[in-house]
Amino acid sequence: MRMRHALCLLVLGTLTAITSAAPLPDADPHRSLGVVNCASSMCHGAVTAWKDSHIAHDEYTIWARLDRHANAYNVLRSADSQRIARKLGLKKPPEQEAVCLDCHAHNPAPAERGSRFTVSDGVSCEACHGPSNGWIQSHTLPEATHAANVANGLYPTNEPEPLARLCLSCHYGNEKKLVTHRIMGAGHPRLSFDLDTFANFLPPHWQIDADWTARKGHFDGVQLWAIGQGVAVESLLDTFTDPVRGRDGLFPELVVFDCHACHHPMSDKRWQPRQGLATGPGRIRLNDANLLMLRNIVKVVNPAYAPGFTAQIQRLHRTITGDADWAAADPIAEAHKLREMVAQQVRLFGKHAFTTNDLKDILRELVTEGTADSYTDYAGAEQAYMAISGVASHLQTTGGWTPEAVRPINVRLHHLRELLRNDEAYSPAAFKSELLALRQLLGPTR
């Protein structure tokens with residue numbers, strides 16, 4: 001059966017082996033040969049899935065017909081994209097500018113493009129699986145193994161941390177590419193991302209079945225989601241602490257802060273205190289949406305570590321906002337400390353087998369966080385909804401809940417989603433009220 005809880009345009013492998021620190025596909029020195037080399041009906045371009053085959057052979061067809069990544073390049077030719085380019089003062093149209101192509105396409109250097117490669121294919125096979133020059137022939141051999149393919153340059157999408165870094169390299173940014181505050185100011189949509197949620201929006205071009213599991217190992221979508229939260233926080237802190245990327249002239253790079261702290265009518269006096277933060281009105285707050293998710297995962301997976309982790313998050317907030325007790329502290333140094341703590345937890349998640357009880361406890365913690373007034377910012381509520389609905393979905397599909405228990409929970413999840421339809425009309429009080437009702441359905445914490 002096709003699996004919904006998998007990620008980002010990928011045929012996944014085992015999630016148990018940690019084999020490499022491979023470069024991301026856009027930094028891989030191998031030559032990219034082009035999508036056309038995958039599109040044969042005897043390869044991955046079949047109209048329908050093959051029977052009695054451990055791969056479906058229709059992976060390219062699904063991507064080309066149904067996956068939005070295939071249309072990413074064409075978005076750059078839209079009127080909106082053209083306006084953004086003009087406002088930014090780009091010298092070339094967006095479909096020719098690296099700042100746009102680096103995420104809207106696979107954009108290797110000209111010397112690393114094969115004769116049949118075309119950038120207009122968008123976020124194509126090699127954008128995720130890596131330039132194919134080293135592995136495209138050997139991966140079809142009868143004796144080929146996944147480990148051998150990775151050794152030959154296939155990107156290790158089987159590993160949760162590299163996979164998360166791959167997806168977030170565009171859906172958040174990294175040292176090479178970032179949707180900055182200036183780009184958003186020119187009209188680019190605000191970025192929000194949750195690995196599990198966005199995966200469910202994609203048509204899967206892989207199959208998780210007994211054969212797949214026997215060859216590649218167990219797939220743990222919750223582990224991947226948890227690691228994705230950690231990698232997102234790492235990306236944010238890396239941007240914040242980078243002396244170049246984290247600056248925009250006199251100002252810090254504002255993309256790492258909460259958008260809605262500033263973007264609302266002056267007549268809308270929307271500031272209100274946040275649980276655990278001694279920050280007053282008129283202060284720009286770090287966008288801690290992923291941090292809120294991460295600290296609740298830590299509470300369940302590593303409870304002894306959680307108090308110190310939460311304390312360091314609060315120290316960073318207070319140094320950024322100039323809280324009186326922390327005015328002399330260095331926010332960059334505090335961010336580096338937190339970055340290392342996050343990295344430790346990401347490594348821990350990679351070794352942790354998430355149980356049904358873990359999922360139930362994480363869900364309770366996420367909901368309880370909101371009932372304690374931690375989702376007063378729209379970005380935090382948005383991320384919380386994606387996390388809560390994703391964990392709840394895993395509990396439903398893995399049998400953690402009975403059908404009778406699921407129905408009222410789904411009603412509350414629908415109500416939460418409706419409250420997030422318009423960010424400018426977001427009501428923290430209404431969101432909290434729905435979370436309180438949902439909390440009653442989840443039962444006591446262990």
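Is Glu159 buried or exposed? In this predicted model, Glu159 has a relative accessibility of 0% and so counts as buried. The residue sits in the loop that joins helix 6 (146-151) to helix 7. Its C-alpha atom is separated by 17 Å from that of Glu234, which is 75 residues away along the chain.

Helix 7 (residues 160-171) makes a natural next stop. Its 12 residues should span 16 Å at 1.5 Å a residue, and the C-alpha atoms at its ends are indeed 16 Å apart, so expectation and model agree. The buried residues of this helix are Pro160, Pro162, Leu163, Ala164, Leu166, Cys167, Leu168 and Ser169. These buried residues pack against helix 4 (98-104), helix 5 (125-129), helix 9 (195-201) and helix 11. After helix 7 comes Gly173, with a positive phi near 135°.

Helix 11 (residues 221-241), one of the packing partners of helix 7, also packs with helix 16 (residues 378-397), at an angle of about 165° and with the axes 10 Å apart. Because of this angle, helix 11 is roughly antiparallel to helix 16, the cut-off being over 145 degrees. The crossing of the two helices is left-handed. On the helix 11 side, the contact is made by Gly221, Val222, Trp225 and Gln229, which meet Gln383, Ala387, Val391 and His394 of helix 16. Sorted by class, this contact holds four nonpolar and four polar residues, with no charged ones.

Helix 16 itself has 20 residues and reaches 28 Å from its first C-alpha to its last, close to the 28 Å expected at 1.5 Å a residue. Of its 20 residues, 18 are buried, so the helix is largely enclosed by the rest of the structure. Helix 16 is followed by Gly399, whose phi is positive, near 85°.

A second helix pair is formed by helix 13 (residues 306-321) and helix 14 (residues 331-351), whose axes come within 9 Å and cross at roughly 155°. Helix 13 is therefore roughly antiparallel to helix 14, and their crossing is left-handed. Helix 13 contributes Gly308, Phe309, Gln312, Ile313, Arg315, Leu316, Thr319 and Ile320, while helix 14 contributes Pro331, Glu334, Ala335, Lys337, Leu338, Met341 and Val342. The residues of this contact comprise nine nonpolar, three polar and three charged.

Another glutamate of interest is Glu434, found in helix 18 (residues 428-442). With a relative accessible area of 15%, Glu434 falls under the 20% limit and is therefore buried. Neighbours within four places in sequence aside, Glu434 is in contact with Arg412, His415, Leu416 and Leu419.

Finally, the backbone deserves a look. Most residues other than glycine have a negative phi. Asp52, however, has a positive phi near 55° without being a glycine. Asp52 lies in the segment before helix 1 (59-66) and, at 85% relative accessibility, counts as exposed. Asp373 likewise is not a glycine, yet its phi is positive, about 70°. Asp373 is placed in the loop between helix 15 (356-371) and helix 16, and with a relative accessible area of 33% this aspartate is partly exposed.

Technical notes:
Residues are numbered from 1 along each chain as its sequence is written. This is a predicted model: local features need pLDDT of at least 70, side-chain atom pairs count only at pLDDT 80 or more; totals for chains, interfaces and linings use all residues. Side-chain values use heavy atoms; hydrogens and water are left out. Axes are lines fitted to C-alpha atoms, for helices over the stretch in contact, and angles run from 0 to 180 degrees between N-to-C directions. Helices (H or I, at least four residues) and strands (E, at least two) are DSSP runs, numbered from the N terminus. Angles under 35 degrees count as roughly parallel, over 145 as roughly antiparallel, 65 to 115 as roughly perpendicular and the rest as oblique. A crossing is left-handed if the near helix is turned anticlockwise from the far one by less than a right angle, and right-handed if clockwise. Contact means heavy atoms within 4.5 Å. Ala, Val, Leu, Ile, Met, Phe, Trp, Tyr, Cys and Pro count as nonpolar, Asp, Glu, Lys and Arg as charged, and the others, Gly among them, as polar. Buried means under 20% relative accessible area, exposed over 50%, partly exposed in between (1.4 Å probe, protein chains only). The expected span of a helix is 1.5 Å times one less than its number of residues.
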